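Please read the following note with the structure open beside it. The points are numbered so that each can be checked in turn.

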Amino acid sequence: PPSAPKVGTRGGAAGSRVGRIMFAQYQSEFQAVAGEIGAKLQSANSYSDNPMHNQARPKILREVEPLLKQACDLVKQMDVEVRSAEGGQRRLLSERARPIRDQLKRLQSEYRETTERLEREELLGGAKVGSNDAAVRGRLADANERASRQTQVIRGALEIARDTEQVAIDITSELDRNRETITNIRGHISDTSGALGTARTLIASMQKREVQQKAILSFVAVILFSSIVTVMYYAFK
């Protein structure tokens, strides 16, 4: 698969378009690989009267393992594209990636079940050829059952680890969305603070002008009063 891009967010419409194109490419490659895995698993699960086919089943199953690794790599590439997207684009790609992860889990589970089934057939078949002793076959069956239980425990632990990783990815996406919201709020607060500063300056200027006007009116009133007193003084002298 193509090399993984650096994890980070792509800015702008061009970055979003590139992310969608890359995701679609990985998705297309995954579906092709998943189809090949499904066909090989179906062939490995089918039992035939043809001895050649039955002998080839383990070989077919071995061919599935590198295909599963390739499918896992493609899913990781898609996860990188999801984490690199922004906002609504990230949510859209995350929703598209979720059923792909589920499909990969089903293929991995079917591969493990098929592997265990063929191993049991080989063990029991070898016991029948090498010995007809029922006790030997019983011990082999018990050992196989214990191995199966241990495999189930390991499988459960792997499922929990994968689910935990997905939860971590979702939490990271939510934190990024919250960070964008906080950044927008800070921008609005900054704009509001600037407007408040301008208003304070205007109010201070108006108050200063009001004081000046009062001083002028007081001065004019004193002059008028002095003039009136002077006029009356000379009028009645």
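In which helix is the place of V220?

1. V220 has its place in helix α4, which covers residues 134–235. With a relative accessible area of 38%, V220 is partly exposed, because partly exposed residues lie between the 20% and 50% limits. V220 also belongs to a nonpolar patch on the surface, together with I216, F219, I223 and L224. The accessible area of these residues together is about 490 Å².

2. A word on confidence should come early, since this is a predicted model. The average pLDDT of the protein is 76, and 69% of the residues score at least 70. Over residues 1–7 the pLDDT stays under 50, and the model has 20 contacts beyond four places in sequence for them. The pLDDT is also below 50 over residues 126–137, a stretch with 6 contacts beyond near neighbours in sequence. Where pLDDT is low, the predicted coordinates should not be read in detail. The reader is asked to treat both stretches with that caution.

3. The structure holds 4 salt bridges. As background, side chains of opposite charge can pair when their charged atoms come close. One of the bridges joins E63 to K59, with the closest N and O atoms 2.8 Å apart. Both residues lie in helix α2 (residues 51–84), where they are 4 residues apart, about one turn of the helix. E63 is partly exposed, at a relative accessible area of 28%, and K59 is partly exposed as well, at 46%. E63 and K59 are further linked with K40 in a network of salt bridges.

4. A second bridge to examine is that between the side chains of K69 and D73, at 3.4 Å from N to O. K69 and D73 are both found in helix α2, again 4 residues apart, or about one turn of the helix. K69 has a relative accessibility of 53% and therefore counts as exposed, the limit for that class being over 50%. D73, by contrast, is partly exposed at 23%.

5. The bridge between R101 and D79 deserves its own point. Their side chains meet at 2.8 Å, N to O. This pair links distant parts of the chain, with R101 in helix α3 (residues 87–130) and D79 in helix α2, 22 residues apart. Are R101 and D79 buried or exposed? Both are buried. For D79 the relative accessibility is 9%, so the residue counts as buried, the limit being under 20%. Leaving out residues up to four places away in sequence, D79 touches R101 and I169.

6. The largest nonpolar core has 27 residues. Those that touch the most other members are F30, I37, L41, L68, M78 and L104. Helices α1 (12–45), α2 and α3 each supply at least two residues of this core. Helix α2 gives the most, with 11 residues.

7. M78, one of the core residues just named, may be followed to its surroundings. Apart from neighbours within four places in sequence, M78 is in contact with F23, Y26, Q27, F30 and I100. F30, among these contacts, is likewise one of the core residues that touch the most other members.

Key:
Residues numbered from 1 in each chain as written. Predicted model: local features only at pLDDT ≥ 70, side-chain atom pairs only at ≥ 80, totals over all residues. Heavy atoms only, no water. Buried < 20%, exposed > 50% of the residue type's maximum accessible area, 1.4 Å probe, protein only. Contact = heavy atoms within 4.5 Å. Core = buried A, V, L, I, M, F, W, Y, C linked by side-chain atoms within 4.5 Å. Patch = residues over 30% accessible without salt bridge, like charges linked within 9 Å, V, L, I, M, F, W, Y side chains within 5 Å. Areas by Shrake-Rupley, 256 points an atom, 1.4 Å probe, with all protein chains shown as cover. pLDDT = per-residue confidence, 0-100.
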